[in-house]
Amino acid sequence: MPIFEYVCKDCDHPFEALVYGKQKAECPKCHSNKLATRLSVFAVSAKGASTAAPSTGACGSCGDPRGPGSCSRSDLN
């Protein structure tokens, strides 16, 4: 089933909808049928190892979500 992405022309609400056969999509916010289609971005899954390195914290062990240089372990600052 394809998932279509729309933006309502009446209320500017972006949304996705599963559309079956000749069914028409409708804005879930204002129920308008005046819709603009959006460019849909998709992902492709590939077999094999990932080439991206895993994200780690500044010290490599704390995993601080703020990124390198923001280690929250007081014993390493």
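Mentor: Before we look at the hairpin, keep in mind that two strands count as paired when DSSP finds at least two bridges between them, and that what we have here is a predicted model.

Trainee: Okay, how many bridges join S1 to S2, and which way do they run?

Mentor: Strands S1 and S2 run antiparallel and are joined by five bridges, with Tyr 6 standing opposite Phe 15 in S2.

Trainee: And what about the hairpin, which residue takes a positive phi?

Mentor: That is Asp 12, with a phi near 65°, in the hairpin of S1 and S2, where five residues lie between the strands.

Trainee: Switching to S2, which side chains point to which face?

Mentor: Phe 15 and Ala 17 point to one face and are buried, whereas Pro 14, Glu 16 and Leu 18 point to the other face and are not buried. In a regular strand the side chains alternate between the two faces of the sheet.

Trainee: Which residues make up the largest nonpolar core, then?

Mentor: It has eight residues, namely Tyr 6, Cys 8, Phe 15, Ala 17, Val 19, Ala 25, Cys 27 and Leu 35, and the elements giving two or more residues to this core are strand S1 (3-8) and strand S2 (14-18).

Trainee: What does Leu 35 touch?

Mentor: Leaving aside residues up to four places away in sequence, Leu 35 touches Tyr 6, Val 7, Cys 8, Lys 9, Phe 15, Ala 25, Glu 26 and Cys 27.

Trainee: Zooming out, how many helices and strands are there, and what percentage of the residues count as buried?

Mentor: The protein has zero helices and three strands, and of its 77 residues 19% count as buried.

Technical notes: Residues numbered from 1 in each chain as written. Predicted model: local features only at pLDDT ≥ 70, side-chain atom pairs only at ≥ 80, totals over all residues. Heavy atoms only, no water. Core = buried A, V, L, I, M, F, W, Y, C linked by side-chain atoms within 4.5 Å. Buried < 20%, exposed > 50% of the residue type's maximum accessible area, 1.4 Å probe, protein only. Helix = DSSP H or I, 4+ residues; strand = E, 2+ residues; numbered from the N terminus. Contact = heavy atoms within 4.5 Å.
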